[in-house]
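Please describe this protein model for a reader who is new to structures, beginning with its domains and then moving to its ligand site, its core and some individual residues.

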Amino acid sequence: MKPRIMVTRRWPAAIEHVLAERFDTTFNQSDAPMSLAQLKAAFLDFDAILPTVSDKLPAAVFPDAEVRTKLLANFGVGFSHIDLDAARERGITVTNTPGVLTDCTADVAMSLLLSVSRRAGEGERQLRAGLWPGWCPTHMIGTKVTGKTIGIIGMGRIGKATAKRAHFGFDMDVIFYNRSKVDDEEIRAMGARQLPTIEDVLARADFVSLHCPGGAENRHVINAARLGGMKRGAYLINTARGDVVDHDALIEALEAGKIAGAGLDVYDGEPDVPPALMCMENVVLLPHLGSATEETRADMGMRAVENLTAFFERRPVPDKVA
Ligand code: 8YV
C-alpha cells in the first residue's frame, strides 16, 4: 500500500505528477491555504503532510489523540511556522528543502537592494502613471551601490550567496554577524569580516540584509533600538522572515528619515502588509518571491519527494530538522 500523503497547496504539474505516481496523494484543491481545523484533521488521516510557509502549524494544530502522520515534509527551507517540539512529542519527523533555493533568494535580496537604492519601484510607478517629466539632471536621484558596505545578519547559505553577489558583482565590502564563528574559503575570498555583535554591523553598513531564521528566537531582532543604531541613510533588506523585523519600529524609522529605505519580501502576518508601508515611495515591497522561479520550485518539490521517499523506504531522510 502506498503511503497516504496530503499536499496542502497546488504545485507545478511535474512535481504533482511525481507525487501522485509515488504516493496515494490528496491535493488541497482550493487556491486558499487549508484551515487550522482541516490541518488538524489531516494529522489523523494521512501518513505525511507536505506543508508550506502559508500553513501555520503551532502546537494547537497538533491533535492530542494518536496521530497517523509520521512525517511533515516542508516545502521550503524555513520552518518557523511549524512547532518542532509538538512534532517531536508525537514522534513526527520534520524535513525541509535546504540548498535548492539559495541562489534565487539571494537574487531577490540583491534585486530589492538595487531597486530601493535606485528608486526603481518609484520610477516605474511614475512612468506608468504618465507622470515622467522627461530626463533632467536632478530627476529621481538614488544612492550608488558599487563600493558600499553590506552588512549580513545570518551568514548561512543564503547570507553567503547574497554576500558573494554583493562583493564580486558590486565590489561591496562585506561585514556580517553570525551566532557561531564562520571562517571558510569563501568568506576569506570575499574578505568578509565577522563582527562580534549585530550592533557592530548595523553601525557600519550602508545596506543591511537579513538572512537569519524566523521564529521566537529571532523575533524583532531588528527593533527600534537597533534601527536607531543603523547608519543614517542606510537601507534595510529582508528576504528572511517577517517576524525578524518589528514593522512598527521600521515604519517609525522610515518616517523619521533615520533610514533611507527598505526592501521587503516577507512580512509578519503576511499576506497582510502594514498599510503605512504601502504608502511609502522609498519602500520596495515584493510578495514573498524568494524562491519563486520555475527551476527552484521544481527543485524544492523534488527535494521534498526525496525526503518522503527516503522516509517511507526507512532510509535516513536527507533533510531532517526534527
Ligand atoms: C518558500 C521560503 O517559497 O523556503 C523558504 O523558507 O521562504 C520561500 O522561499 C516558502 O517557504 C514555501 O513554503
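Domain bounds of the kind used here come from an automatic or database domain assignment. In this predicted model, that assignment divides the chain into domain 1, made of residues 4-96 + 293-313, and domain 2, made of residues 102-285. The C-alpha centres of domain 1 and domain 2 lie 31 Å apart. Where the two domains meet, four residues of domain 1 are in contact with five residues of domain 2, and the side of domain 1 that touches domain 2 consists of four polar residues, with no nonpolar and no charged ones.

The UniProt record, an unreviewed entry, adds two annotated spans that can be set beside this division. The annotation "domain: D-isomer specific 2-hydroxyacid dehydrogenase catalytic" covers residues 15-321, while the annotation "domain: D-isomer specific 2-hydroxyacid dehydrogenase NAD-binding" covers residues 110-290. The table gives the computed make-up of each span.

| Span | Helix | Strand | Distance between end C-alpha atoms |
|---|---|---|---|
| Residues 15-321 | 37% | 13% | 22 Å |
| Residues 110-290 | 34% | 15% | 11 Å |

The model also holds a ligand. Which residues are found around the ligand? They are Thr-52, Val-53, Phe-75, Gly-76, Val-77, Gly-78, Leu-101, Thr-105, Gly-290 and Ser-291. Sorted by class, this shell has four nonpolar and six polar residues, and no charged residue belongs to it.

In soluble globular proteins, nonpolar side chains tend to be buried together. Here the largest nonpolar core has 85 residues, and the members that touch the most other members are Val-208, Tyr-235 and Ile-259. Helix 4, which runs over residues 102-117, gives the most to this core, with eight residues, and the core draws at least three residues from each of domain 1 and domain 2. Ile-259 can be followed further: leaving aside its neighbours within four places in sequence, Ile-259 is in contact with Leu-227, Met-230, Ala-234, Tyr-235, Leu-236, Ala-253 and Leu-254.

Another residue to look at is Thr-95, which belongs to strand 5 (residues 93-95). Is Thr-95 buried or exposed? Thr-95 counts as buried because 25 other C-beta atoms lie within 10 Å, and the cut-off for a buried residue is 20 or more. Not counting residues up to four places away in sequence, Thr-95 touches Ala-73, Asn-74, Asn-307, Val-317, Asp-319, Lys-320 and Val-321. The C-alpha atoms of Thr-95 and Phe-311 are separated by 9.9 Å, although the two residues are 216 residues apart along the chain.

Some details of the backbone are found in loops. Met-140, in the loop between helix 5 (120-128) and strand 6 (149-153), has a positive phi of about 45° although it is not a glycine. His-288, in the loop between strand 12 (283-285) and helix 12 (294-312), likewise has a positive phi, near 45°, and is a residue other than glycine. Met-140 is partly exposed, with 14 other C-beta atoms within 10 Å, and His-288 also counts as partly exposed, with 18 C-beta neighbours inside 10 Å. A further loop, between strand 11 (261-264) and helix 11 (275-278), contains Pro-271, and the peptide bond from Glu-270 to Pro-271 is cis, with omega near 15°.

How values were computed
Residues numbered from 1 in each chain as written. Predicted model: local features only at pLDDT ≥ 70, side-chain atom pairs only at ≥ 80, totals over all residues. Contact = placed C-beta atoms within 7 Å. Nonpolar A, V, L, I, M, F, W, Y, C, P; charged D, E, K, R; others polar. Near = placed C-beta within 6 Å. UniProt positions renumbered as here; feature names shortened; annotations may be inferred. Helix = DSSP H or I, 4+ residues; strand = E, 2+ residues; numbered from the N terminus. Core = buried A, V, L, I, M, F, W, Y, C linked by C-beta atoms within 7 Å. Buried ≥ 20, exposed ≤ 12 C-beta atoms within 10 Å, placed from the backbone.
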